[in-house]
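Work through the exercises below with the model open beside you. Each task is followed by a stepwise solution.

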Amino acid sequence: MRFVSLASLAALSCAVGAAAQTAPQTSNFASVGFDVATGDHDAFQGSVLDLAKDCTPIRLDKDDVVCLRQKDNGGQIWIGLRRTGETYEFITANPAYIGKSAFPVRVQGLEYDPSWEPFEYRLAVTFSEYDIPVLIELADPREAERFRDLAEPVDLTLDVTAFTFNPEIFETEEDFAKAQRKLGEDVAYTSNYFIPSGLFGNQTSSRATFGGEILEAERVRTQDGASHWRTLVRVQGGGTVNVVFDDIWPDLKPKPGHLISGAFWLSAQVPAEG
């Protein structure tokens, strides 16, 4: 395949939350071990094209291909390409991760912007005894057909990964409570709070702000020398989520038993049917 241009950067995973505004330059790609330059258009184009040279092409239809790169740490990058004449044009790129998450949900349906088909889809799900609604990006766009035009909700356990920038980590519940008091807010959150995108506004996306207890934590190093943090976090409702982030912040050293809090972009791997 030959690649000629970038159509858009709009689908790139971007920083969320106040912490991201003051964080060193990084990206959700770095959170799973991919060195993708996102600060400069030309550098970004070059780094994505380098990754696309050695990927597994998966045809979605006669003109659209998704290109998958996967690392030994479970990190993935899905690159969407569209044929234009004799060449292929870059459309989108998203990171993903295969981890240990067990996140029970009830799938209510599929949400998507037709202009991004057939590359990007989101599952509309509810979870926990409170039926909290949230949107979660599908890592593999081929899974979308399973959930298109559902006759009734479907219960599934997803492998969900939350990507974040410079999250807050607390050793104890009291440390978390102290941080809440310092904010001087009228409402104090519990340590396992969960606020999906759109709860207090009209804009909805595959994002959420939440907190939870770290069950596992390790600094992962890939065979090609990249490194990042991987944690397994118990969240509201008892399910677990993989939380991944770059290890460029030396003061962040998560351990089991610690609490984590932040703003996250959510991606899901769907279990095989049957």
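**Exercise 1. The largest cavity**

Task: How much space lies in the largest cavity, and which residues lie nearest its centre?

Solution.
- Step 1. The largest cavity of this predicted model holds about 110 Å³ of space.
- Step 2. Put that in context: the structure has 2 cavities of 30 Å³ or more.
- Step 3. Go to the wall. The lining of the largest cavity counts 17 residues. Nearest the centre are Trp78, Asn94, Phe119, Leu138 and Ala139.
- Step 4. Assign the wall to strands. S4, S5, S8 and S15 each give at least two lining residues. S5 provides the largest share, 5 residues.

**Exercise 2. The strand with the largest share**

Task: Describe how S5 is covered and what it pairs with.

Solution.
- Step 1. S5 spans residues 87–97, and 10 of its 11 residues are buried.
- Step 2. Its antiparallel partner is S4, residues 75–84, joined to S5 by 10 bridges.
- Step 3. Fix the register with one pair: Arg82 stands opposite Glu89 in S5.
- Step 4. Inspect the turn. S4 and S5 make a hairpin with 2 residues between them. Gly85 in that turn has a positive phi of about 70°.

**Exercise 3. Strand S7**

Task: Why can S7 be called largely enclosed by the rest of the structure?

Solution.
- Step 1. Count the buried residues. In S7, residues 122–127, 6 of the 6 are buried, so the strand is largely enclosed by the rest of the structure.
- Step 2. Split the strand by face. Side chains in a regular strand alternate between the two faces of the sheet.
- Step 3. Apply this to S7. Arg122, Ala124 and Thr126 are buried on one side. Leu123, Val125 and Phe127 are buried on the other.
- Step 4. Add the partners. S6, residues 103–111, pairs antiparallel with S7 over 5 bridges, and Gly109 stands opposite Ala124. S8, residues 132–138, is also antiparallel to S7, with 6 bridges. There Arg122 faces Glu137.
- Step 5. Close the S7–S8 hairpin. It has 4 residues between the strands, and Ser128 in the turn has a positive phi of about 70°.

**Exercise 4. An aspartate in a loop**

Task: Is Asp247 buried or exposed, and which side chains does its own side chain make polar contacts with?

Solution.
- Step 1. Locate Asp247: the loop between strand S14 (240–246) and strand S15 (259–269).
- Step 2. Compare with the cut-off for buried, under 20% relative accessible area. Asp247 has 17% relative accessibility, so it counts as buried.
- Step 3. List the polar contacts of the Asp247 side chain. One goes to the side chain of Ser227 at 2.6 Å. Another goes to the side chain of Arg219 at 3.5 Å.
- Step 4. Widen the search to contacts beyond four places in sequence. These are Arg219, Ser227, His228 and Trp229.

**Exercise 5. The disulfide**

Task: How many disulfides are counted, and which cysteines form one?

Solution.
- Step 1. The count is 1 disulfide.
- Step 2. Cys55 and Cys67 form it, with sulfur atoms 1.5 Å apart.
- Step 3. Place both ends. Cys55 sits in the loop between helix H2 (41–52) and strand S2 (56–59). Cys67 belongs to strand S3, residues 64–70. The two are 12 residues apart.
- Step 4. Check burial. Cys55 counts as buried at 18% relative accessibility. Cys67 is buried with a relative accessible area of 1%.

Definitions and conventions:
Residues are numbered from 1 along each chain as its sequence is written. This is a predicted model: local features need pLDDT of at least 70, side-chain atom pairs count only at pLDDT 80 or more; totals for chains, interfaces and linings use all residues. Side-chain values use heavy atoms; hydrogens and water are left out. Buried means under 20% relative accessible area, exposed over 50%, partly exposed in between (1.4 Å probe, protein chains only). Two strands pair if DSSP finds at least two bridges between them. A polar contact is a pair of N or O atoms within 3.5 Å; within protein, one must be able to donate a hydrogen and the other to accept it, and residues adjacent in sequence count only if both atoms are side-chain atoms. Contact means heavy atoms within 4.5 Å. A disulfide is a pair of cysteine sulfur atoms within 2.5 Å. On a 1 Å grid over the protein atoms alone, a cavity is a set of points where a 1.4 Å probe fits but cannot get out, and a pocket is an open set with protein on both sides within 12 Å along at least five of seven lines; lining residues have an atom within 4 Å of a point. Grid points are joined across faces, edges and corners, and a volume is the space filled by probe spheres set on the points.
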